[in-house]
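Colleague: I've got this chain open at my desk. Could you talk me through it?

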Amino acid sequence: ELWKLVDDIVHHRVMISILDKLPIEYHEEFLSKFHASPHHDSHMNYLNDKIEQDIEGIIKKNSSIIDFLHLLKKMIDNINNAKKPSVDLTMKATIK
């Protein structure tokens, strides 16, 4: 649950970064296109046409935060798993 919340926060942060750079007259059009097809490749072309700044650099900056958080999650999961006692559930009986 916590990591879903973190992903949602980062997603919103990226979207806010985009909308801060995108002229307001294109907000509704971009959001409609994005909502209809969130993973479509054409969004970057659209943004590059409408924004004078390096929007890919801005998104990558936010993506590096996501990468760091996922690495942190893996580290925490590894620590938590190391603390749990391991139980061998493959008990084998030997019949003579």
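Modeller: Sure, one term up front: buried means under 20% relative accessible area, exposed means over 50%, and partly exposed is in between (1.4 Å probe, protein chains only). This is a predicted model, where local features need pLDDT (the predictor's confidence in each residue, from 0 to 100) of at least 70, side-chain atom pairs count only at pLDDT 80 or more, and totals for chains, interfaces and linings use all residues. Residues are numbered from 1 along each chain as its sequence is written, and side-chain values use heavy atoms, with hydrogens and water left out.

Colleague: Which element has the highest mean pLDDT?

Modeller: The pattern along the protein chain reads α-α-α-α, with helices taken as DSSP runs (H or I, at least four residues), numbered from the N terminus. Helix H4 (residues 55–83) has the lowest mean pLDDT, 77. At the other end, with 94, sits helix H2.

Colleague: Which residue forms a salt bridge with Lys-33?

Modeller: Side chains of opposite charge can pair when their charged atoms come close. The cut-off is a side-chain nitrogen of Lys or Arg within 4 Å of a carboxyl oxygen of Asp or Glu. Here the closest N and O atoms are 3.7 Å apart, and the partner of Lys-33 is Glu-29.

Colleague: How far apart are Glu-29 and Lys-33 in helical turns?

Modeller: Both residues lie in helix H2. They are four residues apart, so the separation is about one helical turn.

Colleague: Is Glu-29 buried or partly exposed, and what's its relative accessible area?

Modeller: Its salt-bridge partner, Lys-33, is partly exposed at 39%. Glu-29 is partly exposed too, with a relative accessible area of 37%.

Terms used:
Helices (H or I, at least four residues) and strands (E, at least two) are DSSP runs, numbered from the N terminus.
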